[in-house]
Amino acid sequence: MSLMVTNIRLPFDEPEAQALAEARRLTGLTGNDVQAAVCRVSIDARRGRITRVYSVRLDAPGDEKAFAERLQMPFVRYKPDEKPAVPRGTKRLAHRPVVVGLGPAGLFAAYTLARHGYAPLVLERGGDLDERDRAVDAFWGGGALDPDCNIQFGEGGAGAYSDGKLTTRIGDPLCDTVLETLAAHGAPTDIVKKAKPHVGTDILKNVVRAMRRDIVSHGGVVRFRTALTGVNLQSGALRAVRAGGDEIACERAVIAVGHSARDTFFALHENGVYFEPKAFSVGVRIEHLQSEIDRALYGKYAGHPLLPPAEYNLSRRADGRACYSFCMCPGGTVVAAQSEADTVVTNGMSLHARDGRNANAALAVSIDPADFADGTPFGGVALQRRIERAAFVQTGSYRAPCQRVGDFLAGTPSRKAGAVQPSYPIGVVYGEAAASLPAFAQDMLRDSLPYFGRKIRGYDAADALLTGPETRTSSPVRMTRGDDLFSLGCAGLIPCGEGAGYAGGIMSAAVDGIRAAHRIMAEYAPVLE
């Protein structure tokens, strides 16, 4: 339990110690027995001033709740310890719990189970990160696509090849658990206090490896190159999962297969698992020079060594739709994110230093189930595939269609790049970047770019670059679950994470994984006792 002093604004170049001193001054808690620590810090570059905004935790003896009430200061509040208690059931498991998928949701579900003695069996269709790196490098170098081991599938999931962004709006107390766990396994320790923490792909991969080793050291078993092919349900209850040619008996399984496991969706649906369509988004990647984004947001302070590469978050609503920036990667690259043959899919990635020449982000347009209704739960999957295959036909290869923003706004194809050079690793074909998208999505992008240009100077500059398509913003289906977290009509089967439609990003997926593990732990006693 502690006091939180929020909204402490200081010039960005003031030392952190000044924030601690200001928190003490505001509360009058200046004694040596009062412990102070920064727990959140962010950059605010609005209104022509650049400040750091701090939240400081003060731990003082006495009744902190009553003290905060007496102060009656809007930025001082009492913060109780909100970490959920670790549940512990009493029933006996006849078999190991199974976790399917080793992306953020599956990784944290398996880690939580393993650390508390439940010895999970983890099934991952792709390879470990060493094998995965080789497969991705080979594909980006012009080799064949491995449909089971790529940007989407393998140890770490899609999150392992991203910016390692840990921002979220869910406000769950378990977010702190996720940050602390990542830091304990090699992530930068400052992620626990940054308002917009990120790890970077280069560091995140080693963090994932360390967590997997921890799972194994605590009795868990990880099987790579083992794809889920179905489940055995009897009288509405889980009896086994089918994977790698085996039927594996289990009472409880966490299904955390990610948003791109389309063949797994179909197989589970055939086995009686309930799916429904959900909204998602499609769009393109936009690239600017990072120096231009810095200049637009930081003004004369652009390039200052105490300021991180600038990042942004943009949104616009019109006619019932949204257009917004997503997965912004400062100093990053646009990557080839295919998981099916003869398709083009883009995503974004940054290393920890974020020191690349370009900034990139998805510009996505919302898609509603009414846009793709086909009488099945998988109309969104069909739409994604149509877009991705149309882009492949457009370029005649795994190269991505690319277009200058000025040409896109004018409705003319591009023939070359300008000041911003494309970073997509396989190469691009100049022309129309958004041509494979539905017409309404193209129109929304065209209408939104000038609007965003009024928010960030130069955002709609002629030489900014669009590369498409971006289709994997989130899952187009939901594996609907009840209040007990079980799939509807499938007792014991716990859909989890982005692929199940219950998360959006590394942090929320990891939290959902912990919740899934806790559901099992609340019912059953540990296996290793």
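User: Why is E523 called buried?

Analyst: Buried means under 20% relative accessible area, exposed means over 50%, and partly exposed is anything in between (1.4 Å probe, protein chains only). E523 comes in at 16% relative accessibility, so it counts as buried. One thing before we go on: this is a predicted model, where local features need pLDDT of at least 70 and side-chain atom pairs count only at pLDDT 80 or more, while totals for chains, interfaces and linings use all residues. Residues are numbered from 1 along each chain as its sequence is written, and side-chain values use heavy atoms, leaving out hydrogens and water.

User: What makes E523 and K91 a salt bridge?

Analyst: The rule asks for a side-chain nitrogen of Lys or Arg within 4 Å of a carboxyl oxygen of Asp or Glu. In this pair the closest N and O atoms are 3.0 Å apart, so the contact qualifies. The two ends sit 432 residues apart: E523 is in helix 12, and K91 is in the loop between strand 4 (76–79) and strand 5 (98–100). Helices (H or I, at least four residues) and strands (E, at least two) are DSSP runs, numbered from the N terminus. K91 has 41% relative accessibility, so this end of the pair is partly exposed.

User: How do you know that R125 and D263 form a salt bridge, and where in the chain are they?

Analyst: Their closest N and O atoms lie 2.9 Å apart, so the pair passes the salt-bridge test. R125 belongs to the loop between strand 6 (121–123) and helix 4 (129–140), D263 belongs to helix 7 (residues 262–270), and 138 residues separate them. R125 is buried because its relative accessible area is 12%, whereas D263, at 43%, is partly exposed.

User: What about R57 and D59: buried or exposed?

Analyst: Neither label fits, since R57 has a relative accessible area of 31% and D59 has 26%; both count as partly exposed. They do form a salt bridge, with the closest N and O atoms 3.3 Å apart. Across the whole structure the search finds 32 salt bridges, and R262, E340, R385, E388 and R472 are linked in a network of them.

User: How do you know that strand 19 is mostly covered?

Analyst: 5 of the 5 residues in strand 19 (residues 400–404) are buried. In a regular strand, side chains alternate between the two faces of the sheet. Here A400, C402 and R404 on one side are buried, and P401 and Q403 on the other side are buried too.

User: Which strands pair with strand 19, and what makes that pairing?

Analyst: Two strands pair if DSSP finds at least two bridges between them. Strand 19 has 3 bridges to strand 20 (residues 428–430), running parallel, and 3 to strand 21 (residues 465–470), running antiparallel, so both count as pairs. P401 has V429 as its bridge partner in strand 20, while Q403 stands opposite L466 in strand 21. Strand 21 also holds P469, which is joined to G468 by a cis peptide bond with omega of about -10°.

User: What is special about phi in N7 and R354?

Analyst: Both have a positive phi in a residue other than glycine: near 60° for N7 and near 50° for R354. N7 is in strand 1 (residues 2–11) and, at 30% relative accessibility, is partly exposed. R354 sits in the loop between strand 17 (346–349) and strand 18 (358–367) and, at 7%, is buried.

User: What makes strand 7 and strand 23 edge strands?

Analyst: The open sheet has 5 strands in the order 7-6-5-11-23, with parallel pairing. Strand 7 (221–223) and strand 23 (493–495) each pair on one side only. For example, 3 bridges join strand 11 (residues 253–255) to strand 23, where I255 stands opposite P495.

User: How is the lining of the second largest pocket split by class?

Analyst: The lining has 7 nonpolar, 5 polar and 2 charged residues. Ala, Val, Leu, Ile, Met, Phe, Trp, Tyr, Cys and Pro count as nonpolar, Asp, Glu, Lys and Arg as charged, and the others, Gly among them, as polar. A pocket is an open set of points on a 1 Å grid over the protein atoms alone where a 1.4 Å probe fits, with protein on both sides within 12 Å along at least five of seven lines; lining residues have an atom within 4 Å of a point. Of the 14 lining residues, Y111, T112, H116, T177 and T181 lie nearest the centre.
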